[in-house]
Amino acid sequence: MTAWFECHRKRITREMPSRDGGSRQLARSSPRPHLAGLCSGAHTALHAAIELDDAKTIDTVVCLNPLTFRYVAGMSLDTPESYRTTRDARDYEQALRSRARWRKLLTGKSDVRYIARFVIRRLAERSADSLRLFRRKMGIGPSTVLESDIETVLRLGRSLDFIFSSTDPGQEILYRETAPLLRRSLARERVSIRIIQGADHTFSRWPKRREVIDRVVRTLVEKIPLQRISIPLTSDSWDELGALWVKLFEEARETSAFLSPTWIQRWLSLLSPQRTGSALVWRDREGRVVGMCIMSTTIGRMGPLPVRRTFLNTSGPGSPGCEHNDVLVLPPYRQAVYASLAEFARSNIDSDELSLAGTRVRLTDQLLRVPGLDSWDGFRSQSPYVDLDAVRLSTKPYLNHLSSNTRSQIRRSTRLYEEEFGDGLVVSPTSRQAALRAFDAMLELHDTRWSEGGQRSGFSPSARTFHRELINDLWCAANPTPDLEVDLLSISFGDHLIGVLYNLISRGCVQFYQSGLAYHGDRRLKPGLVCHSLAVEHYLSQGAHEYDFLGGEAHPVQYKRSLSTDVRHLDWGEIGLGTVRMHA
């Protein structure tokens, strides 16, 4: 199992990779599970390795830029005052005397809050160092704490990888505090030390510190061996994949309705025989499924030439679409699975393009870092949302989180609706027949609005059929699944229906998919703003976590921005795979 531990605000990783074997195995390497710690988190990683009871759980501990290990000072010195003469202390004092670094601070290029926390931590460490010096003078404890801890890790059969920046005093501390231990043959076999140039993290703002963290992630990815299996798509693929997908969706605590088992099963059932592709499954050493996705391939055209396009978890034109799209993966394995997917896309896909629809930014960015996958043609869309949990905690009404102009429009429009038609009412269906009636009412309002503008709706006939069957599936199921719900909110004032909102709900996350709104000649009436504001209030009272407006537009949509409290981003586009047809 892989997990992230949060301890004293220091993040470390524990990983247990894959088991060799498998008749359809495409990628394999020897297992080397490990812990990783960045900066003072290296201290946490080291102690986690000691405290884990099962000696087979962890093979390797990776420590990058350990800084001080929180072991500094008089551990190998006679007095606290002599600490100031050591090399690591001089390094810090030189940093404080550096004009270049003070210029970064005074011009706003440094992270002041980070530096303040760093100074406070150093003062606390000085106090702890004095106490450790006293304990050593009294003959309490081993020669040094650091040496004792490393010796314990090695006795458990684990290895240690130390990675330092060229300016990190942690390397001096390591050599000084553990020199006798490092000279032993056992330590020489199991302890490695590497120096990275330019990995400064003490006087840099977050983007530069992020580069250091990326080095940790890349180190982890290199060490996580996963077994990747490719399963060809057939008419009965879900029989083989269903149980695995259901279990992984639950373990990953995924909230995207478009990755829910119910959605994927319904989508796969509609795939035509002309569409080929495969499901990718990643397993760890114990055979546990840690990642899954579905690659669907079809033939389109670009000018006069046929083009083979491979889609991630969707099937392109005519499909119901997909947002918050991603590989279904356990979070600690994410980077390793992304790297494996990129390698698969670059080397194993018999296709010209990899098409990404509504993909989370972290996956797109990872794929575009891979040589050969950097040809991107697409756009990044906003996906605004209301953080309902934050609104609830604030104790302020939802409208108070919006701009004064938006509040004014909603309140005025609501008042006019009430004066003309009566009190407002939000109704959620309680039966399959009621849900389908609400869906039909939504389509009627939706089509009326589009026809008035002389345009054709993007809600295609095949997508409508998909959603009608999805509604039917969920309402007819003997045992409703908790992974996905559909809700059709009918909003009316008196007997006058002003709108129907079609929402998908997964684990308390409401994702607004489609709407039908009744517009009037009076421009002061804002059915969209009123319907969504009442929907947000409705889901606040139901205990939902967020109300997501989703994306899909190349440019920001004003009403979504006005009604939201936060925003994410999603990507739509194609990555060229460098084939002859694409060059042509």
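# A tour from helix H10 outward

Select helix H10 first and colour its buried residues, which are Pro261, Thr262, Trp263, Ile264, Arg266, Trp267 and Leu268. The coordinates in the viewer belong to a predicted model, and this helix is a convenient place to enter it. Seven of the nine residues of H10, which covers residues 261-269, are buried, so the helix is largely enclosed by the rest of the structure. To see what encloses H10, add helix H9 (237-252), strand E10 (289-302), helix H16 (461-476), strand E17 (496-506) and strand E18 (509-517), against which the buried residues of H10 pack.

Before moving on, display the whole protein for orientation. The protein has 19 helices and 20 strands, and buried residues make up 51% of its 584 residues. Among contacts between residues at least 6 apart in sequence, 74% join residues at least 24 apart.

**Strands E8, E9 and E10**

Of the neighbours of H10, keep E10 on screen and add strand E9 (residues 276-283), which is joined to E10 by eight bridges, the two strands running antiparallel. Within this pairing, label Arg283 and its bridge partner in E10, Val289. The hairpin of E9 and E10 has five residues between the strands, and Gly287 there takes a positive phi near 85 degrees. Then select strand E8 (residues 227-232), which pairs with E9 in the antiparallel sense over six bridges; Ser230 has Leu280 in E9 as its bridge partner.

**Strands E16, E17 and E18**

Next, return to E17, another of the elements packed against H10, and colour it by burial: nine of its 11 residues are buried, leaving the strand mostly covered. Add strand E16 (residues 485-493), which runs antiparallel to E17 and is joined to it by nine bridges, with Ser490 facing its bridge partner Val500 in E17. E16 and E17 form a hairpin with two residues between them, and Gly494 in the turn has a positive phi of about 60 degrees.

Now follow the chain from E17 into E18, where eight bridges join the two antiparallel strands and Tyr502 stands opposite Gln514 in E18. This hairpin also has two residues between its strands, and Arg507 takes a positive phi near 50 degrees.

Stay in E18 and select Cys509, which has its place in that strand. Is Cys509 buried or exposed? With a relative accessible area of 6%, Cys509 is buried, because the cut-off for burial is under 20%. Leaving aside residues up to four places away in sequence, Cys509 touches Thr255, Leu504, His545 and Glu546. A distance to draw here is the one from Cys509 to Leu484, which are 25 residues apart in sequence and 9.8 Å apart in space, C-alpha to C-alpha.

**Strands E13, E14 and E20**

Move to strand E13 (residues 353-360) and select Arg360, which has its place there. Arg360 is buried, with a relative accessible area of 13%. Not counting residues up to four places away in sequence, Arg360 touches Glu254, Ser256, His324, Asn325, Asp326 and Leu570. One of these contacts, Leu570, is also the bridge partner of Arg360 in E20. E13 and strand E20 (residues 566-576) pair in the antiparallel sense over six bridges. Adding strand E14 (residues 375-387) brings in another partner of E20, paired with it in the antiparallel sense over 11 bridges; Trp376 has Ile575 in E20 as its bridge partner.

**Helices H14 and H17**

For the last stop, select helix H14 (residues 404-421) together with helix H17 (residues 527-542). How are the two helices oriented to each other? Their axes come within 9 Å and cross at roughly 95 degrees, and H14 and H17 are therefore roughly perpendicular to each other. To view the contact, show Gln409, Ile410, Ser413, Thr414 and Tyr417 in H14, which meet Pro527, Leu529, Val530 and Ser533 in H17. By class, this contact of H14 with H17 has five nonpolar, four polar and no charged residues.

Finally, look along H17 alone. H17 has 16 residues and reaches 22 Å from its first C-alpha to its last, close to the 22 Å expected at 1.5 Å a residue. The helix is mostly covered, with 12 of its 16 residues buried, among them Cys531, His532, Ala535, Val536, His538, Tyr539 and Leu540. Step past the end of H17 to Gly543, which follows the helix and has a positive phi, near 85 degrees.

Conventions: Residues numbered from 1 in each chain as written. Predicted model: local features only at pLDDT ≥ 70, side-chain atom pairs only at ≥ 80, totals over all residues. Heavy atoms only, no water. Axes fitted to C-alpha atoms, helices over the stretch in contact; angles between N-to-C directions. Helix = DSSP H or I, 4+ residues; strand = E, 2+ residues; numbered from the N terminus. Parallel < 35°, antiparallel > 145°, perpendicular 65-115°, else oblique. Contact = heavy atoms within 4.5 Å. Nonpolar A, V, L, I, M, F, W, Y, C, P; charged D, E, K, R; others polar. Buried < 20%, exposed > 50% of the residue type's maximum accessible area, 1.4 Å probe, protein only. Expected span 1.5 Å × (residues − 1). Pairing = 2+ DSSP bridges.
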